[in-house]
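Welcome to this set of exercises with worked solutions. Take them one step at a time, and keep the 3D view open as you read.

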Amino acid sequence: MSILWSLPSRLVVLSCIWSLCLAQFEYLGYPPGYPEPVEDQYTAPQIPADVPRIQLRLAGEKRKHNEGRLEVLYEGEWGTVCDDDFNIHAAQVVCRELGYSEAVSWAPSAKYGKGDGRIWFDNVHCTGKEKTLAQCESNGIGVSDCKHSEDVGVVCSDKRIPGFRFLSPLNNNVDSLNIQVEDVRIRPILASYRKRIPVTEGYVEVKDGGKWKQICDEEWSPMNTRVICGMFGFPGEKRYNARVYKMFARRRTPSYWDYLVNCTGNEAHLSSCKLGHSLMAKGNSSCGQGIPVVVSCVAGRAFAPTPMAGYRKAFRQEQPLVRLRGGGVVGEGRVEVLKNGEWGTICDDHWNLVSATVVCRELGFGTAKEALSGGQLGQGMGPVHMNEVQCSGFEKSVTECQFNMDKDSEGCSHEEDAGVRCNVPAMGFQQRLRLSGGRNPFEGRVEVLVERNGSLVWGTVCSEGWGTMEAMVVCRQLGLGFASNAFQETWYWPGAVSADAVVMSGVRCAGTEMSLSHCLHHGDHLSCPKGGARHAAGVSCSETAPDLVLNPQVVEQTTYIEDRPMFMLQCAYEENCLASTSSSTPANSYRRLLRFSSQIHNNGQSDFRPKASRDSWVWHDCHRHYHSMEIFTHYDLLSLNGSKVAEGHKASFCLEDSECDEGIEKKYECANFGEQGITVGCWDTYRHDIDCQWVDITDVKPGDYTFQIVINPNYEVAESDYTNNVVKCKSRYDGHRIWMYNCHIGGSIGGETEETFPGLLNNQVTHR
């Protein structure tokens, strides 16, 4: 795969295919069995000589690399395209010319901001089959009666044309040379850096005409280094020992690329930087007094480049003021900020790659690949803390950026929550795991690559104790999102017979690990009575997941005490919904019940369905209903030191859509053995007057307590965020009445505030 460069003037946009940049690790010599990249062949379209030569780019206020204001370079000058008569066929021509497989949409009226300069095309009419926008009918190049308020924007699919080369046969002032750059990498030179993963220091090299070449450091700036480090997943850069590299350069004659690079430091990728001077224009292609460019990047704490066994295994938040929630892989999620002791979200108005990159660097990642809008990674809770965020790109934290202080959340709902996808260092984790035998890439038997007797072999994982948390780590490691199921039998997925043997057992994951090998497991001393093969661990993954959130205000507002006679509690007694002392309670005595309502919202991206299929639901004759999940919620009354003084639980006898947000239809209804679940944007209400919707506090003494509710406590069903499955309330019981106050969702307020409960009452689950 290659990219063709052109230099119509001394400044031109440098273009490179992002997905290829992972090739920087090819020289590490990954062991046999790792997939080898396949180079696709691509034949460039032949453009007739009489068609004007143009170049295209997507610019402006954008959230993705594959969208933006359409700009055209003609005769050395960048200009825009008017939206008059522009349609999806024209967008298809534009996207294919830019190297994307197809157009998704187009946008009129300067959605990505007003451009400047000439408006090169107006009244464009394309059939969709043209090879370049210049072949489409129009008023003629430069003939327009439009203003820049009519600049058109285009959104392309993020799928690239395999093997595409950026073709631009424009003449330039350097001997009509076509400049090809196929790839970029950081190549470690010093022995101490060669075996480190990730690669953080070395020469910056570009692949030109099939050969790797160094860049002359004559005009190299710290801003250039900042961009290189960011695109490879590193938040910062540091100084290096230049003397060592000078000695190395004298020993081996470098092969220099013909051009210098000029970045502002705010680019998310080298492809957005401009070319600097040409070495050839100076009369030679050597670097003069310079040496090859060297960068030394600082990895985030989670990716510290120490020997493979020694670096930090589970990803941990680096900053207390900002966090990501709801993402399927490390480095992506809904952006949440801590303000006045309470976590809230950011509104997506004006949200762009520059602001997203500030978040990514702050959290220990590189630049942003994408600035997400519209609550794409699930909707948050509580307040919207920041609106119309505008960063310069050099802030240490997004909390330092300018934003609309007058109306933080006015006009913004959680439907507009902003998110990010960040560049993260290539750690090689993906190559050490695979799914085998599945019907599609998202499912299969889990197979891991391990060293046995000096050679690398693939084998299975023992399924004993295998559950959702372990499956979550597998799906994240493979970049496949969330686990939708964890399987303890995989006889229906025939893998390679050579990989049937168990090579990993006793796996227990916390769920935050970046690789399955970082979870607790037995090591070399395997223990798996059933063996692998048909009993091996398996997973199915999904790009989306549900996210259940309990409304804390409803709990607080509906709590009361009821004294109920034992003879009216027979069904509840049979389902273990009473305290153990109830077994010796006479039928005419009373039990004291703490009653309340639960309103459970699904704020995620897919429906919440019980793990068990309908054919395995359990009929409970006393209550005359089916249980789809034996334990759906835990209710606990805790002393202030955390010990349990009373408990309850709610079997999921009926998961259904009680109510939904406007415009969303109910899908699940329990009546007549109907399907059970909670639709995205709907909620299931367990009313306070339902059996077992209580805690038996008959034996509890008066005092101050903490009331705690946990949804999906055994992680039976995968969710995008388990941290918001807990609600805590402060409770005071005087022996006759009970007060519930300061109810809040776990993780919705800061750690210091969590200890003091300063009267936060506004953590409502807002409507979508």
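**Exercise 1.** How far apart are the sulfur atoms of the disulfide that Cys729 and Cys743 form?

*Solution.* Before starting, note that this is a predicted model, where local features need pLDDT of at least 70, side-chain atom pairs count only at pLDDT 80 or more, and totals for chains, interfaces and linings use all residues. Residues are numbered from 1 along each chain as its sequence is written, and side-chain values use heavy atoms, with hydrogens and water left out.

Step 1: recall the term. A disulfide is a pair of cysteine sulfur atoms within 2.5 Å.

Step 2: read the distance. The sulfur atoms of Cys729 and Cys743 are 2.0 Å apart.

Step 3: find the handedness. The angle about the S-S bond is 115°, and the link of Cys729 and Cys743 is right-handed.

Step 4: place the two ends. Cys729 belongs to strand E40 (residues 726-733) and Cys743 to strand E41 (residues 738-745), so the pair joins parts that are 14 residues apart in sequence. Helices (H or I, at least four residues) and strands (E, at least two) are DSSP runs, numbered from the N terminus.

Step 5: check the surroundings. Buried means under 20% relative accessible area, exposed means over 50%, and partly exposed lies in between (1.4 Å probe, protein chains only). Cys729 has a relative accessible area of 0% and is buried; Cys743, at 3%, also counts as buried.

**Exercise 2.** Which parts does the disulfide of Cys82 and Cys146 tie together?

*Solution.* Step 1: start with the whole structure, where a search finds 14 disulfides. One of them is formed by Cys82 and Cys146, with sulfur atoms 2.0 Å apart.

Step 2: locate both cysteines. Cys82 sits in the loop between strand E4 (77-81) and helix H1 (88-97), and Cys146 in the loop between strand E6 (119-121) and strand E7 (153-156), so the link ties parts that are 64 residues apart in sequence.

Step 3: add the geometry. This link of Cys82 and Cys146 is left-handed, with -75° about the S-S bond.

Step 4: look at accessibility. Cys82 is buried at 0%, and Cys146 is buried with a relative accessible area of 13%.

**Exercise 3.** Is the link of Cys216 and Cys287 left-handed or right-handed?

*Solution.* Step 1: confirm the bond. Cys216 and Cys287 form a disulfide with sulfur atoms 1.8 Å apart.

Step 2: read the angle. With 75° about the S-S bond, the link of Cys216 and Cys287 is right-handed.

Step 3: trace the chain. Cys216 is in the loop between strand E11 (211-214) and helix H3 (222-231), while Cys287 is in the loop between strand E14 (274-278) and strand E15 (294-298), so the pair connects parts that are 71 residues apart in sequence. Both Cys216 and Cys287 are buried.

**Exercise 4.** How far from Glu470 is the nearest side chain of opposite charge?

*Solution.* Step 1: find Glu470 in helix H6 (residues 468-477).

Step 2: recall the charges. Lys and Arg count as positive and Asp and Glu as negative; His and the chain ends are not counted.

Step 3: apply the cut-off. A salt bridge is a side-chain nitrogen of Lys or Arg within 4 Å of a carboxyl oxygen of Asp or Glu. Arg508 is that nearest side chain, 5.4 Å away, and the buried Glu470 has no salt bridge.
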